[in-house]
Amino acid sequence: MSGWDWEYLSDAEHVVGGLSAEARAEVERIAERLADAAAVKYLGDPPPEEAGVAPLVSIAEGLWMIWYQEYRVRRVVYIVLTQHLGS
């Protein structure tokens, strides 16, 4: 357990609605790895000037593009948007 979690922003229906169960499970595996990576990258609390900063970043893995935010104060990775490049 990394101490970091992940969630869909705004909700699962908005982000992965309409995907097959297999595709959704793949997105969730990537999200779990992103949370684990954030736990390693961010040790301790953020400095005050970074407390509310959560820029939108993206990652490409396989045929997936995933946009997410790492919110350090809450120790959560928000999955914002997904795109399967084969679709």
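**Figure 1. Strand S3 in its surroundings.** Six of the eight residues of S3 are buried, so this strand is largely enclosed by the rest of the structure. The model shown here is predicted. S3 covers residues 64-71, and Tyr-71 belongs to it. Two other strands pair with S3: strand S2, made of residues 56-61, and strand S4, made of residues 76-84. In a regular strand the side chains alternate between the two faces of the sheet.

**Figure 2. The pairing of S2 with S3.** These two strands run antiparallel and are joined over six bridges. One position to look for is Ser-58, which stands opposite Trp-67 of S3. S2 and S3 form a hairpin with two residues between the strands. In this hairpin, Gly-62 has a positive phi near 60°.

**Figure 3. The pairing of S3 with S4.** Here the pairing is again in the antiparallel sense, over eight bridges. Trp-67 has a bridge partner in S4, namely Leu-81. On the S2 side, Trp-67 stands opposite Ser-58. Four residues lie between S3 and S4 in their hairpin.

**Figure 4. Arg-75 in the turn.** Arg-75 sits in the loop between S3 and S4. Its phi is positive, about 55°, although Arg-75 is not a glycine. Is this residue buried, exposed or partly exposed? The relative accessible area of Arg-75 is 33%. Buried means under 20% and exposed means over 50%, so Arg-75 counts as partly exposed.

**Figure 5. Contacts of Tyr-71.** Which residues does Tyr-71 touch, when those up to four places away in sequence are not counted? They are Trp-4, Ala-51, Gly-52, Ala-54, Val-76 and Tyr-78. Of these, Val-76 and Tyr-78 fall within S4, which spans residues 76-84, and Ala-54 is in the loop between helix H2 and S2. A further residue for orientation is Pro-48, 23 residues from Tyr-71 along the chain. The C-alpha atoms of Pro-48 and Tyr-71 are 13 Å apart.

**Figure 6. Ala-54 in the loop before S2.** Ala-54 lies in the loop that connects helix H2, residues 21-41, with S2. With neighbours within four places in sequence left aside, Ala-54 is in contact with Gln-69, Glu-70 and Tyr-71. These three residues are part of S3, which runs over residues 64-71. Tyr-68 is 14 residues from Ala-54 along the chain, and their C-alpha atoms are separated by 9.1 Å.

**Figure 7. A cis peptide bond at Ser-10.** The peptide bond leading from Leu-9 to Ser-10 is cis, with omega near 15°. Ser-10 is in the loop between strand S1, residues 5-8, and helix H1, residues 12-16.

**Figure 8. The whole chain, for reference.** The protein contains two helices and four strands. Starting at the N terminus, their order is β-α-α-β-β-β. The C-alpha atoms fill a box of roughly 40 × 20 × 20 Å along the principal axes. A compact globule of 87 residues would have a radius of gyration near 12 Å, and the 13 Å of this protein agrees with that. Of the 87 residues, 31% count as buried. The accessible surface comes to about 5,400 Å², and carbon and sulfur atoms account for 53% of it. Among contacts between residues at least 6 apart in sequence, 51% join residues at least 24 apart. The protein has 7 positive and 14 negative charges, and the mean positions of the two groups are 2 Å apart.

Definitions and conventions: Residues numbered from 1 in each chain as written. Predicted model: local features only at pLDDT ≥ 70, side-chain atom pairs only at ≥ 80, totals over all residues. Heavy atoms only, no water. Rg over C-alpha atoms; globule rule 2.2 N^0.38 Å. Buried < 20%, exposed > 50% of the residue type's maximum accessible area, 1.4 Å probe, protein only. Contact = heavy atoms within 4.5 Å. Areas by Shrake-Rupley, 256 points an atom, 1.4 Å probe, with all protein chains shown as cover. Lys, Arg positive; Asp, Glu negative; His and termini not counted. Charge placed at Lys NZ, Arg CZ, Asp CG, Glu CD. Pairing = 2+ DSSP bridges.
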